[in-house]
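Here are some exercises to work through with the sequence and the 3D view side by side. Try each task yourself before you read its solution.

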Amino acid sequence: AANASLIVNTAGPQTPPVLTGSAQLAAAGAVDGFAIFSFLPTKQEAVVPLETRSASSYLLAFDNTNNVVLGVALESVSTQAANVPVVIRDDAGVQTEAGSIALPGSGHTSFVLSDKFPSTANKRGTIQFGTPSGGRISALGVRFTPPGILTTIPVLASGAVPGGSMSHIASANGWKTTFVLVNAGAAAAQAHLKFFADNGNPLFLPLTFPQSGGGTSLVATTLDRTLAAGATLTIESTGADTSPLLTGSAQLTTDGS
């Protein structure tokens with residue numbers, strides 16, 4: 001019905017084999033949604049957003065340092081078999097590897113990135129999936145953080161509107177926010193990040209930069225950086241567990257992608 005919600009659960013016996021795959025939604029009206037997959041023994045969950053874009057390529061940022069790994073799922077939305085081109089870049093934007101992944105029509109594959117592409121182990125960077133000619137694909141990233149915590153990593157689509165807003169950040173008093181900025185364009189670009197408190201005033205955040213060994217730090221309400229083509233910038237904000245909790249939002253503007 002209009003404005004209604006439908007919830008469907010699926011869970012089989014908690015014994016092998018695990019059933020994995022993908023799903024496609026068709027609707028005659030304005031129906032949208034998402035999926036949540038849960039690892040029942042540990043109660044860990046991750047969200048699978050509904051992909052509605054049809055882009056020429058999709059990009060996932062990865063950070064496989066500090067025993068963290070990225071899981072990747074890839075689906076052919078088209079009924080035709082396809083070889084999906086893959087390009088891997090380090091966090092400086094330098095291409096380190098290229099290849100392809102074969103998918104049958106409406107097929108699906110999932111893998112740990114550093115297992116399938118060992119060059120990404122203990123590294124930061126991006127992996128880009130090209131849409132095959134006449135085809136359509138969908139992708140998802142899932143970050144695995146010890147001791148087994150799951151977090152969905154959103155896919156960046158080519159041609160998307162640059163910049164945007166982040167509706168919630170939290171720093172200190174047990175919390176850390178990590179900002180990951182990616183220049184998906186073919187030229188260097190300026191990135192302007194602004195932080196706002198709950199009342200809309202500028203929010204002073206303690207910032208560190210793990211790519212420089214964590215030795216560089218500052219407290220600021222804004223951050224301006226130049227990102228090389230294909231480069232990734234990671235920014236962390238946290239404080240002592242006894243410090244007051246800082247909450248608010250962030251806005252990103254850029255002259256590039």
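**Exercise 1. Find which residue of β9 is the bridge partner of Leu 70, then follow the strand pairing onward.**

Keep in mind that you are looking at a predicted model.

Step 1. Start at Leu 70: its bridge partner in β9 is Arg 143.

Step 2. Now count the bridges between the two strands. β4 and β9 run antiparallel and are joined by eight bridges. β4 covers residues 69-76, and β9 covers 137-145.

Step 3. Move on from β9 to β10. These two strands are also antiparallel, with five bridges joining them. One pair to look for is Phe 144 with Leu 150, the latter in β10.

Step 4. Look at the connection. β9 and β10 make a hairpin with three residues between them, and Gly 148 in the turn has a positive phi of about 105°. Pro 147 lies in this loop too, and the peptide bond that joins Pro 146 to Pro 147 is cis, with omega about 5°.

**Exercise 2. Locate the other cis peptide bond listed here, from Pro 16 to Pro 17, and the positive phi values of two asparagines.**

Step 1. Go to Pro 16 and Pro 17: the peptide bond between them is cis, and omega is near 0°. Pro 17 is in the segment before β1, a strand that spans 34-39.

Step 2. In that segment before β1 you will also find Asn 3. Its phi is near 65°, positive although the residue is not glycine. The relative accessible area of Asn 3 is 83%, so the residue is exposed.

Step 3. Turn to Asn 67, in the loop between β3 and β4. Asn 67 also has a positive phi, about 65°. With 66% relative accessibility, Asn 67 counts as exposed.

**Exercise 3. List the salt bridges in the whole structure and say how buried or exposed their residues are.**

Step 1. How many should you expect? A search of the whole structure gives three salt bridges.

Step 2. Take Glu 51 and Arg 53, whose side chains meet at 2.7 Å, N to O. Arg 53 is partly exposed because its relative accessible area is 33%, and the cut-offs for that class are 20% and 50%.

Step 3. Next comes Asp 63 with Arg 124, whose closest N and O atoms are 3.2 Å apart. This pair links distant parts of the chain: Asp 63 belongs to β3 (residues 57-63) and Arg 124 to β8 (residues 124-130), 61 residues apart. Arg 124 has 15% relative accessibility, so it counts as buried.

Step 4. Finish with Glu 236 and Lys 176, where the closest N and O atoms are 3.6 Å apart. Here too distant parts of the chain are linked, Glu 236 in β18 (residues 232-238) and Lys 176 in β13 (residues 176-182), 60 residues apart. Glu 236, at 21%, counts as partly exposed, and Lys 176, at 47%, is likewise partly exposed.

**Exercise 4. Map the largest nonpolar core and the contacts of Leu 113.**

Step 1. Colour the residues with the most contacts inside the largest core: Leu 60, Leu 74, Leu 113, Phe 117, Ile 127 and Phe 129. This core has 22 residues.

Step 2. Ask which elements give two or more residues to this core. They are β3, β4, β5 (82-90), β6 (95-103), β8 and β9.

Step 3. Select Leu 113 and leave aside its neighbours within four places in sequence. What remains in contact is Phe 62, Asn 64, Leu 70, Val 72, Thr 120 and Ile 127.

Step 4. Look for another core, apart from the largest one. This core has 17 residues, among them Leu 181, Leu 193, Ala 220 and Ile 235.

**Exercise 5. Describe the chain as a whole, from its helix and strands to its surface.**

Step 1. Count the elements: the chain holds one helix and 19 strands.

Step 2. Compare its radius of gyration with the globule rule. The value is 20 Å, close to the 18 Å that the rule gives for 257 residues, so the chain is as compact as a globular protein of that length. Along the principal axes, the C-alpha trace spans about 50 × 40 × 40 Å.

Step 3. Consider burial and surface. Of the 257 residues, 32% count as buried. The accessible surface comes to about 14800 Å², and 55% of it belongs to carbon and sulfur atoms.

Step 4. Check the range of the contacts. Among those with a separation of 6 or more, 75% are between residues 24 or more positions apart.

Terms used
Residues numbered from 1 in each chain as written. Predicted model: local features only at pLDDT ≥ 70, side-chain atom pairs only at ≥ 80, totals over all residues. Heavy atoms only, no water. Salt bridge = Lys/Arg side-chain N within 4 Å of Asp/Glu carboxyl O. Buried < 20%, exposed > 50% of the residue type's maximum accessible area, 1.4 Å probe, protein only. Helix = DSSP H or I, 4+ residues; strand = E, 2+ residues; numbered from the N terminus. Core = buried A, V, L, I, M, F, W, Y, C linked by side-chain atoms within 4.5 Å. Contact = heavy atoms within 4.5 Å. Rg over C-alpha atoms; globule rule 2.2 N^0.38 Å. Areas by Shrake-Rupley, 256 points an atom, 1.4 Å probe, with all protein chains shown as cover. Pairing = 2+ DSSP bridges.
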